[in-house]
Each structure stands twice: as structure tokens, then as C-alpha cells.
Amino acid sequence: MLPGTAAHAPAVFKIAELQKYSPEKNPKAGYLISKYSIDTYSHYAEQGFLTVVQKGSALAGFSVVIPWMNPELESSRDRLKPFLSELTLPDVMQIVLLDQIASHPDMARSGAGTSLLQNFRRHYPRHTILSAIMESPVSNAASISWHLKQGFLRVATFSAQEFCGFQNYQSGLYRFLATTSE
Ligand SMILES: CC(C)(COP(=O)(O)OP(=O)(O)OC[C@H]1O[C@@H](n2cnc3c(N)ncnc32)[C@H](O)[C@@H]1OP(=O)(O)O)[C@@H](O)C(=O)NCCC(=O)NCCS
């Protein structure tokens, strides 16, 4: 487990490309994410938001985790705000957003995702982690299964008119509660 650096950004970008939703590959499931450039991943690495996990010399996965009040999240906060109002959440300073997580398809289901979660829980032991997963028009079944397996709870549904080129999409909002005893 390593802090991501600008040098990792091209390989991170490649994993995101490989894991992106593709109607040709699978019209019913996939990873719908904001398209970040290599420069954006470099920028996130410089901010300390990017973590990578390696298996040997290959990059097995990455995550981008951003503190909720960071200016980078302004548009996500605006998008999610109406759906958060009914939740009992801790102080906003105690929330982080799991913005992106992906493992290399060749290394799927070998624990890369779990290592990344363990890592950011170590960094944010008293923070609540929020995560949003597309459910309609395509349902990201692998991600839903992974989040539930890790102990995330589905706490809200949100919808909006446009995301990643999809109209009228619906996502589930998942929450991982902080374990204050740690
Ligand atoms: C979600 C993701 C990060 C999990 O990474 P991973 O390295 O495979 O995760 P781990 O090995 O730690 O955990 C494996 C668990 O994830 C879930 N999972 C992973 N791939 C799956 C698949 N193709 N179908 C169903 N469940 C899957 C299962 O719960 C699995 O447990 P199991 O093997 O006992 O059934 C990975 O599937 C991925 O990169 N998906 C594409 C990107 C994405 O959708 N990211 C989340 C956006 S919200």
C-alpha cells in the first residue's frame, strides 16, 4: 500500500479506463465514474487523496478519498446535499467521500479493494465514509456486493438528471460508520 504519486497517475488512469462501463462488454453492469485525466490523478496524488496498491511491480488498484469539506468536492456536495439532510451524520469535518476505487481487472477479487479500504480506515479512523453507486439505468453489481461485504450500509437513494452521459440516473448512497473505539 503506497501513497499515490504523479508517477502512478498513468497506470491509475489505465485501470479506470479498463474498468469503465462499456455497453459492448456488458450492457447491464459497470463502473460509472467521472472521467479524470492523468493530470487530475497527478493533482489528487499531490493533494494526498490517491492511494495505490501494488502486486509485485504491477498496480493492482487505486482509490481516491477526499475530505468532505475540501473545495474539490463542491459539485459533489451540491449534488448530494438534498439526499443527506435526512441522515444522521457526524460533523461535516468527520466525513470523507470515497470518490473512486478500482482494482485492475486481472487482479479482481484478490483483496486489492479490501486493502485500500483498510488503508483509508487507518487514515480516517473516526470518519464516516460516504460512497455513491449507480443502480439505474445500469447497476454496478460488483461494487454493491463489495460495499456490503465490507460493512457499508445503504442509507439513501438519490437521483439526478445527468451523470456520465446518462439521463435520469439513480444511485444508492452508502455509509461506512466510524468505529470510534479504534
Ligand atoms: C468494486 C471493486 C473495487 C472491488 O475490488 P476487488 O479488488 O475485486 O475487491 P476485493 O478482492 O477486496 O473483494 C472482493 C469482493 O468484491 C465483490 N466483487 C468483486 N468483483 C465482483 C464481481 N465481478 N461480481 C460480484 N461481486 C464482485 C464481491 O463481494 C467480492 O467478494 P467474493 O469474491 O467473496 O464474492 C472492483 O470490482 C472494481 O474495480 N470494480 C470496478 C470499479 C468500480 O465499480 N468501483 C466502485 C465504484 S462505486
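**Exercise 1. Which element gives the largest share of the shell around the ligand?**

Solution. The largest share comes from H5, with 6 residues. This is a predicted model. Next, list the elements that give two or more residues to the shell: strand E4 (95-103), helix H4 (112-123) and helix H5 (141-150). Then pick out the residues that come nearest to the ligand. Of the 21 around it, these are Tyr31, Ser103, Gly113, Thr114 and Ala142. Last, sort the shell by class: 9 residues are nonpolar, 10 polar and 2 charged.

**Exercise 2. Describe how helices H1 and H2 cross.**

Solution. Two packed helices are described by the angle and the distance between their axes. Start with the distance: the axes of H1 (residues 9-19) and H2 (residues 38-47) come within 8 Å. Their crossing angle is roughly 120 degrees. An angle of 65 to 115 degrees would count as roughly perpendicular, and one over 145 as roughly antiparallel. H1 and H2 are therefore oblique to each other. Their crossing is right-handed. Now find the contact: H1 supplies Ala9, Pro10, Val12 and Phe13, while H2 supplies Ile38, Tyr41, Ser42 and Ala45. By class, this contact has 7 nonpolar residues, 1 polar and no charged ones.

**Exercise 3. Is Arg109 buried or exposed?**

Solution. Locate Arg109 in the loop between E4 and H4. Count its C-beta neighbours inside 10 Å: there are 10. The cut-off for exposed is 12 or fewer, so Arg109 counts as exposed. Now check the backbone. Most residues other than glycine have a negative phi. Phi of Arg109 is positive, near 60 degrees.

**Exercise 4. Which residues does a cis peptide bond join?**

Solution. Most peptide bonds are trans. The cis bond joins Ser136 and Pro137, with omega about 15 degrees. Pro137 lies in the loop between strand E5 (128-136) and H5.

Key
Residues numbered from 1 in each chain as written. Predicted model: local features only at pLDDT ≥ 70, side-chain atom pairs only at ≥ 80, totals over all residues. Axes fitted to C-alpha atoms, helices over the stretch in contact; angles between N-to-C directions. Helix = DSSP H or I, 4+ residues; strand = E, 2+ residues; numbered from the N terminus. Parallel < 35°, antiparallel > 145°, perpendicular 65-115°, else oblique. Left-handed = near helix turned anticlockwise from the far one by under 90°. Contact = placed C-beta atoms within 7 Å. Nonpolar A, V, L, I, M, F, W, Y, C, P; charged D, E, K, R; others polar. Near = placed C-beta within 6 Å. Buried ≥ 20, exposed ≤ 12 C-beta atoms within 10 Å, placed from the backbone.
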